[in-house]
Amino acid sequence: YTKYKLLMLDNIMKIRLLITGGTIDKVYNQSNGELEFDQTHFPDMITKARVEVDLLIEELLLIDSLDMVDADRELIVEKCTKCEEKHILITHGTDTMCETAKLLGESSIDKTIVLFGSMVPYAVNGSDAFFNFGCALGSVQLLKAGVYIAMNGRAGKKHGQGTVTWPNGYIYVGEFQNSKWH
């Protein structure tokens, strides 16, 4: 490497990936026919995607967002506040993603935070997990400081209960359910 290339390598954006669970990390249990957690799929997803950014993975929780309590959300806020990275991705279940995004927004953290998840587990054929991860990873590098939700090819800024502003200026009021904003 030349001196110039070494300087460039030292200036690579560092991104923190906080794992909290949600459908994206569930697996199908053939014994009982239910979706449950085993371990995160993100090391495999990152390898398959050939991610070349400096991504630091931290598993906080591995739970369904419907089981998330205030203490879990406070942990997420604390980790976002205390980590040195200015760009943060958070895996999250879609059922209560807006609640966590709202709390993060109210915390006035001067970082770019993007929450994402999936409607179908990564381990299931035809999942939207890989696409949503890619969308979130690209978004966190391009958006200015704020709290965003990235799902299905869109990255919108979360503010207020059920209100998301997409980059084209369109303000959407509703909740994310069944793969669509309602």
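**Exercise 1: Confidence**

Over which residues does pLDDT stay under 50 while the model has 38 contacts beyond four places in sequence? Work this out, then set the stretch against the rest of the protein.

*Solution.*
- Step 1. Keep in mind that we're dealing with a predicted model.
- Step 2. The stretch is residues 167–182, where pLDDT stays under 50 and the model still has 38 contacts beyond four places in sequence.
- Step 3. Now zoom out: the protein averages a pLDDT of 83, and 80% of the residues score at least 70.
- Step 4. Go element by element. Strand β10 (residues 171–173) has the lowest confidence, with a mean of 42, while α3 has the highest, at 98.
- Step 5. Check the other end too. Residues 1–8 also have a pLDDT below 50, and beyond near neighbours in sequence this stretch has two contacts in the model.

**Exercise 2: The overall tally**

Find how many helices and strands the protein has, and what share of its residues counts as buried.

*Solution.*
- Step 1. Count the elements: five helices and 12 strands.
- Step 2. Turn to burial. Out of 182 residues, 47% count as buried.
- Step 3. Look at sequence separation. Take the contacts between residues at least 6 apart in sequence; 62% of them join residues at least 24 apart.

**Exercise 3: Two helix pairs**

Classify how α3 sits against α4 and how α2 sits against α5, then list who meets whom.

*Solution for α3 and α4.*
- Step 1. Get the geometry. Helix α3 spans residues 70–82 and helix α4 residues 97–106; their axes come within 10 Å and cross at roughly 45°.
- Step 2. Assign the class: the two helices are therefore oblique to each other.
- Step 3. Add the handedness, which is right-handed for α3 passing α4.
- Step 4. List the residues. On the α3 side you have R73, E74, I76, V77 and C80, and they meet E99, T100, L103 and L104 of α4.
- Step 5. Sort that contact by class: five residues are nonpolar, one is polar and three are charged.

*Solution for α2 and α5.*
- Step 1. Same routine. The axes of helix α2 (residues 42–49) and helix α5 (residues 129–142) come within 11 Å, crossing at roughly 75°.
- Step 2. That makes α2 and α5 roughly perpendicular to each other.
- Step 3. From α2, the residues F42, M45, I46, K48 and A49 meet A129, F130 and F133 from α5.
- Step 4. Sorted by class, this contact has seven nonpolar residues, no polar ones and one charged.

**Exercise 4: Three residues at 0% accessibility**

Describe the surroundings of M45, L89 and G117.

*Solution for M45.*
- Step 1. Place M45: it's in helix α2.
- Step 2. Its relative accessible area is 0%, so M45 is buried.
- Step 3. Setting aside neighbours within four places in sequence, M45 is in contact with Y122, A129, F130 and F133.
- Step 4. For a C-alpha to C-alpha check, try G134: it sits 89 residues from M45 in sequence but 9.9 Å from it in space.

*Solution for L89.*
- Step 1. L89 belongs to strand β5 (residues 87–91).
- Step 2. With 0% relative accessibility, L89 counts as buried.
- Step 3. Leaving out residues up to four places away in sequence, L89 touches a set of residues including I15, L17, L55, V114, F116, F133 and V140.
- Step 4. One of these contacts is L55; L89 and L55 are 34 residues apart in sequence, with 9.5 Å from C-alpha to C-alpha.

*Solution for G117.*
- Step 1. This time we're in a loop, the one between β6 and α5.
- Step 2. G117 counts as buried, again because its relative accessibility is 0%.
- Step 3. Not counting residues up to four places away in sequence, G117 touches I24, H92, M97, N132 and M151.
- Step 4. Between G117 and F130 there are 9.6 Å, C-alpha to C-alpha, at a separation of 13 residues in sequence.

**Exercise 5: Positive phi**

What is the phi of R50, and what is the phi of S108? Say also whether R50 is buried or exposed, and do likewise for S108.

*Solution.*
- Step 1. R50 has a positive phi near 55° and isn't a glycine.
- Step 2. R50 lies in the loop between α2 and β4 (54–63).
- Step 3. R50 is exposed, because its relative accessible area is 70%.
- Step 4. Now S108, also not a glycine: its phi is positive, about 50°.
- Step 5. S108 is in the loop between α4 and β6 (112–116).
- Step 6. At a relative accessible area of 63%, S108 is exposed.

Terms used. Residues are numbered from 1 along each chain as its sequence is written. This is a predicted model: local features need pLDDT of at least 70, side-chain atom pairs count only at pLDDT 80 or more; totals for chains, interfaces and linings use all residues. Side-chain values use heavy atoms; hydrogens and water are left out. Axes are lines fitted to C-alpha atoms, for helices over the stretch in contact, and angles run from 0 to 180 degrees between N-to-C directions. Helices (H or I, at least four residues) and strands (E, at least two) are DSSP runs, numbered from the N terminus. Angles under 35 degrees count as roughly parallel, over 145 as roughly antiparallel, 65 to 115 as roughly perpendicular and the rest as oblique. A crossing is left-handed if the near helix is turned anticlockwise from the far one by less than a right angle, and right-handed if clockwise. Contact means heavy atoms within 4.5 Å. Ala, Val, Leu, Ile, Met, Phe, Trp, Tyr, Cys and Pro count as nonpolar, Asp, Glu, Lys and Arg as charged, and the others, Gly among them, as polar. pLDDT is the predictor's confidence in each residue, from 0 to 100. Buried means under 20% relative accessible area, exposed over 50%, partly exposed in between (1.4 Å probe, protein chains only).
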